[in-house]
Amino acid sequence: MPDRAEEFDYEAALNACAAGEQAALRRLYDQESARLLGVAQRIVRDSALAEDIVHDAFIKVWTGAGSYDPLRGAARGWMYSITRHLALNAVRDHGREVMVDDDAAAAIDAKASMERWADVADAFAFRASAGQIGECLEQLEPVRRNCLLHAYVEGLSHSEIAARVDAPMGTVKSWIKRSLASLKVCLS
């Protein structure tokens with residue numbers, strides 16, 4: 001019995017994606033998403049993160065379909081390469097995070113809260129002198145503003161922000177990207 005993957009024309013589907021045919025992306029997704037999810041899960045060992053990676057991989061497939069070069073390899077292999085690279089990057093990024101138990105996290109949060117309380121006067125002075133950026137930040141939805149501040153003021157990674165606001169990492173990335181675009185428009 002022949003494998004369905006052997007019958008599917010990946011190259012034609014990628015060419016159709018490059019031409020803007022959303023149905024072609026749907027066909028690719030239906031054909032390969034489960035196997036790509038398996039690849040991502042084996043690398044990152046986290047189901048939710050693997051789902052985000054497959055989502056991001058299909059976005060890259062859609063936006064990069066025009067750059068696929070059949071002389072450099074098979075279309076199916078190109079998709080697996082994208083997924084594998086995203087998964088390895090996630091593992092690499094996750095390796096930079098330091099995991100602490102609940103008691104240590106509570107102690108760190110308590111210390112940070114005390115430091116913030118001690119700096120209340122500075123915070124009010126900043127708000128008063130923030131000028132146009134302060135006004136632009138206030139125009140953002142609170143959750144999006146918080147994601148932006150977590151990233152650029154506190155220096156948190158996307159995965160740390162996602163955990164803090166209880167949202168998928170892909171959503172957090174989109175919120176930050178859109179918020180930066182909104183700030184750029186507001187400040188110009």
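By ring geometry, the count of aromatic pairs in this predicted model comes to three. One of them joins Y68 and W78: the ring centres sit 5.6 Å apart and the planes meet at 55 degrees, so the pair is tilted. Centre distance and plane angle are what describe a pair of aromatic rings, and the cut-off for edge-to-face is over 60 degrees, with stacked kept for planes under 30 degrees apart. Y68 belongs to the loop between helix 4 and helix 5, while W78 belongs to helix 5, so the pair ties together parts that are 10 residues apart in sequence. As for Y68, its relative accessibility is 10%, and it counts as buried.

Stepping back to the whole fold, the protein chain has 11 helices and zero strands. Its pattern, read along the sequence, is therefore just α-α-α-α-α-α-α-α-α-α-α. Of the 188 residues in the protein chain, 30% are buried. Take the contacts between residues at least 6 apart in sequence, and 59% of them join residues at least 24 apart.

Next comes the inside of the protein. In soluble globular proteins, nonpolar side chains tend to be buried together. Here the largest nonpolar core has 41 residues, and L28 and I53 are the ones with the most contacts inside it. Two or more residues each come from helix 2 (10-18), helix 3 (22-44), helix 4 (47-64), helix 5 (75-95), helix 8 (132-139), helix 9 (142-152), helix 10 (158-165) and helix 11 (169-187). Helix 4 gives the largest share of this core, with seven residues. What does L28 touch, leaving aside its neighbours within four places in sequence? The contacts of L28 are F8, Y10, A13, L14, C17, S33, F58, V61 and M79.

Toward the C-terminal end of the numbering, helix 10 and helix 11 make a contact of their own. Their axes come within 9 Å and cross at roughly 105 degrees. An angle of 65 to 115 degrees counts as roughly perpendicular, and helix 10 and helix 11 are therefore roughly perpendicular to each other. On the helix 10 side the contact is made by H158, S159, I161, A162 and V165, and on the helix 11 side by M169, V172, K173, W175 and I176. Sorted by class, the contact of helix 10 with helix 11 has seven nonpolar, two polar and one charged residues.

S159, one of the helix 10 residues in that contact, is partly exposed, at a relative accessible area of 27%. S159 and G170 are 11 residues apart in sequence, with their C-alpha atoms 9.2 Å apart in space. The loop between helix 10 and helix 11 holds D166. D166 is exposed, with a relative accessible area of 72%, and its phi is positive, about 55 degrees, although it is not a glycine. Most residues other than glycine have a negative phi. A second residue of this kind is R45, with a positive phi near 60 degrees. R45 is found in the loop between helix 3 and helix 4, and at 73% relative accessible area it is exposed.

Helix 9 has its own links to this part of the chain. Is H150, a helix 9 residue, buried or exposed? H150 has a relative accessible area of 13%, so it is buried; the cut-off for that is under 20%. Neighbours within four places in sequence aside, H150 is in contact with G155, L156, I161, R164 and V165. Two of those, I161 and V165, also take part in the contact of helix 10 with helix 11.

On helix 11, L180 is partly exposed, at 36% relative accessibility. Which residues does L180 contact, leaving aside its neighbours within four places in sequence? L148 and Y152 are the contacts of L180. L180 and R145 lie 35 residues apart in sequence, but their C-alpha atoms are 9.6 Å apart in space. With helix 9 spanning 142-152 and helix 11 spanning 169-187, the contacts of L180 with L148 and Y152 run between these two helices.

Technical notes: Residues are numbered from 1 along each chain as its sequence is written. This is a predicted model: local features need pLDDT of at least 70, side-chain atom pairs count only at pLDDT 80 or more; totals for chains, interfaces and linings use all residues. Side-chain values use heavy atoms; hydrogens and water are left out. A nonpolar core is a set of buried Ala, Val, Leu, Ile, Met, Phe, Trp, Tyr and Cys residues joined through side-chain atoms within 4.5 Å. Buried means under 20% relative accessible area, exposed over 50%, partly exposed in between (1.4 Å probe, protein chains only). Helices (H or I, at least four residues) and strands (E, at least two) are DSSP runs, numbered from the N terminus. Contact means heavy atoms within 4.5 Å. Rings of Phe, Tyr and Trp (its six-membered ring) pair if their centres lie within 6.5 Å; planes under 30 degrees apart count as stacked, over 60 as edge-to-face and the rest as tilted. Axes are lines fitted to C-alpha atoms, for helices over the stretch in contact, and angles run from 0 to 180 degrees between N-to-C directions. Angles under 35 degrees count as roughly parallel, over 145 as roughly antiparallel, 65 to 115 as roughly perpendicular and the rest as oblique. Ala, Val, Leu, Ile, Met, Phe, Trp, Tyr, Cys and Pro count as nonpolar, Asp, Glu, Lys and Arg as charged, and the others, Gly among them, as polar.
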